[in-house]
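Visitor: I would like to understand the reasoning behind the labels people put on a model like this. Could you take me through some of them?

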Amino acid sequence: MFELVTSEASYYKSLNLLVSHFMENERIRKILHPSEAHILFSNVLDVLAVSERFLLELEHRMEENIVISDVCDIVYRYAADHFSVYITYVSNQTYQERTYKQLLQEKAAFRELIAQLELDPKCRGLPFSSFLILPFQRITRLKLLVQNILKRVEERSERECTALDAHKELEMVVKACNEGVRKMSRTEQMISIQKKMEFKIKSVPIISHSRWLLKQGELQQMSGPKTSRTLRTKKLFHEIYLFLFNDLLVICRQIPGDKYQVFDSAPRGLLRVEELEDQGQTLANVFILRLLENADDREATYMLKASSQSEMKRWMTSLAPNRRTKFVSFTSRLLDCPQVQCVHPYVAQQPDELTLELADILNILDKTDDGWIFGERLHDQERGWFPSSMTEEILNPKIRSQNLKECFRVHKMDDPQRSQNKDRRKLGSRNRQ
C-alpha cells in the first residue's frame, strides 16, 4: 500500500514534467500546428488533474495513521468514476506514435528542440517518448499493485472486499485501454489489406468494425497424389497465402505488385482442421483444412504444408480454436496443469503471439518439439504463442497449486454480500460528490 502511494507521487512528478517542460514550452507551441499538438499530447491535462486529486486523497489517508488502514477503497472510487481519462489517452497511442515519428522526420526544428530539452537534468536522461507512455504504464502498474495487495490481505476481510472491487474496476479500465489501442490499429490494418486484394471470386467486403486480423502467411498447398510417371515431374506443392480474420478466412495467391488474388473464402466458424500422421519427409508438417461451406457454397478440402511443426500447430490453433489442446484447458481449472514463469521479457511479433513480462505465470495448453508454447496467462487469461526459451517450467506441484489459488482469489465472482457492500460504497461516493 505504501508503494502504491509513493509510486503515484513519482508518476505525478514525471507527468507534471511532461506538461511543464515539453507541452507548455513556448518554442514547441510555435513549431507545432494545434492539431499536431493535440494528437501528440492528447488529454494529458485531464490525466494530470485526476492523478493530482488521487494522490492528495492517498496522502491524506497516510497522514491519518502511520500504519495505512487501506488504499483500495480510494483506488476503487477513482477507477470507477475518474480513470476513464486513461482510456482516452491510451486509445490515441497509435496516432501519437505515428505523429511523433513524422514530426521527427519532417520538422528539423522540432527534432533539434526535443533533443535539447531531453538533455535537461530534470529529464534524468530519459527520452521524450518515455514520458508520453507514462499513463499507459501507470494504469497497468496500478492493477498489479492492487493484485499484490490482494495476495497479502486477510481472506473474507473488508480489505479483501475493497481490493477485489478495486482490482475488478482497474481490470475493466486496462481492458478498455487495450481495446482502444487495438481498434485504432486494426482499422488501419484492415484498410491496408483491402487495398491489396483482387477477387477472382465474388467480392467479400473485408472492412468491418467487428473484424480484425488473427494471422496471415504463406503455406504450401498439396496439388494431389502424383503417382503416374507423367505427373511425377510436376510440382507437388504450390504456394498459397492465407488471411485469417476473427470471423473469416480468405485464401489467395500472391501476384506481382504486392497484391493478392482471392480464389476462396469461408466463415471461420465453418473451418475444420485435422493433423496428418507423419508420413515421411514429404508429408511432414502437413495438415488438412476443410471448409464446410466455401465461396461457392460447397465443401472444399485443402491439404496444406507448413514450414515447421510450430508453424503448423499455430495455424491449426488459429483456424479452429475449439480443438482440444494437448494439456488441460485453463477453463477446467480443477486438474493440475503444466505451468511456466517468464524469465526473459518477450514482445509479440505476430497477432497470434503473446507479449510476456518478467514473472508472468502461464498455464501450458500446448507446445511443439521445436520450442514454442501455447499458453494462457493466469492474471488476465490472455492466450497466445511464445518461445519456450523465454520461460522456465514450474516443476513443483505445490507452487503450481498456490499460483492457481492466488488466481482464483483475484478473479473470484462477487458473492451477494460483496455486491451489497459495493453498492453502499458507490452510493457513499456519489453522496460525497
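Visitor: What makes α10 and α14 roughly perpendicular to each other?

Guide: Happy to start there! This is a predicted model, and in it the axes of helix α10 (residues 134-152) and helix α14 (residues 397-410) cross at roughly 110°. Angles of 65 to 115 degrees count as roughly perpendicular, and therefore α10 and α14 get that label. Their axes also come within 10 Å.

Visitor: Which residues make the contact?

Guide: On the α10 side they are Q147, L150 and K151, and on the α14 side E406, R409 and V410. Sorted by class, the contact of α10 with α14 has two nonpolar, one polar and three charged residues.

Visitor: Now the strands. How do you know that β3 and β4 pair?

Guide: Pairing takes at least two bridges, and strand β3 (residues 237-245) shares four bridges with strand β4 (residues 248-255), in the antiparallel sense. As one example of the register, Y241 stands opposite C252 in β4. A hairpin through two residues joins β3 to β4.

Visitor: What makes β4 and β5 a pair?

Guide: The same test applies: at least two bridges are needed, and eight bridges join β4 to strand β5 (residues 259-267), with the strands running antiparallel. Here V250 stands opposite S265 in β5.

Visitor: What lies between β4 and β5?

Guide: Three residues do, and the two strands form a hairpin. Take a look at G257 in that turn, which has a positive phi of about 85°.

How values were computed
Residues are numbered from 1 along each chain as its sequence is written. This is a predicted model: local features need pLDDT of at least 70, side-chain atom pairs count only at pLDDT 80 or more; totals for chains, interfaces and linings use all residues. Side-chain values use heavy atoms; hydrogens and water are left out. Axes are lines fitted to C-alpha atoms, for helices over the stretch in contact, and angles run from 0 to 180 degrees between N-to-C directions. Angles under 35 degrees count as roughly parallel, over 145 as roughly antiparallel, 65 to 115 as roughly perpendicular and the rest as oblique. Contact means heavy atoms within 4.5 Å. Ala, Val, Leu, Ile, Met, Phe, Trp, Tyr, Cys and Pro count as nonpolar, Asp, Glu, Lys and Arg as charged, and the others, Gly among them, as polar.
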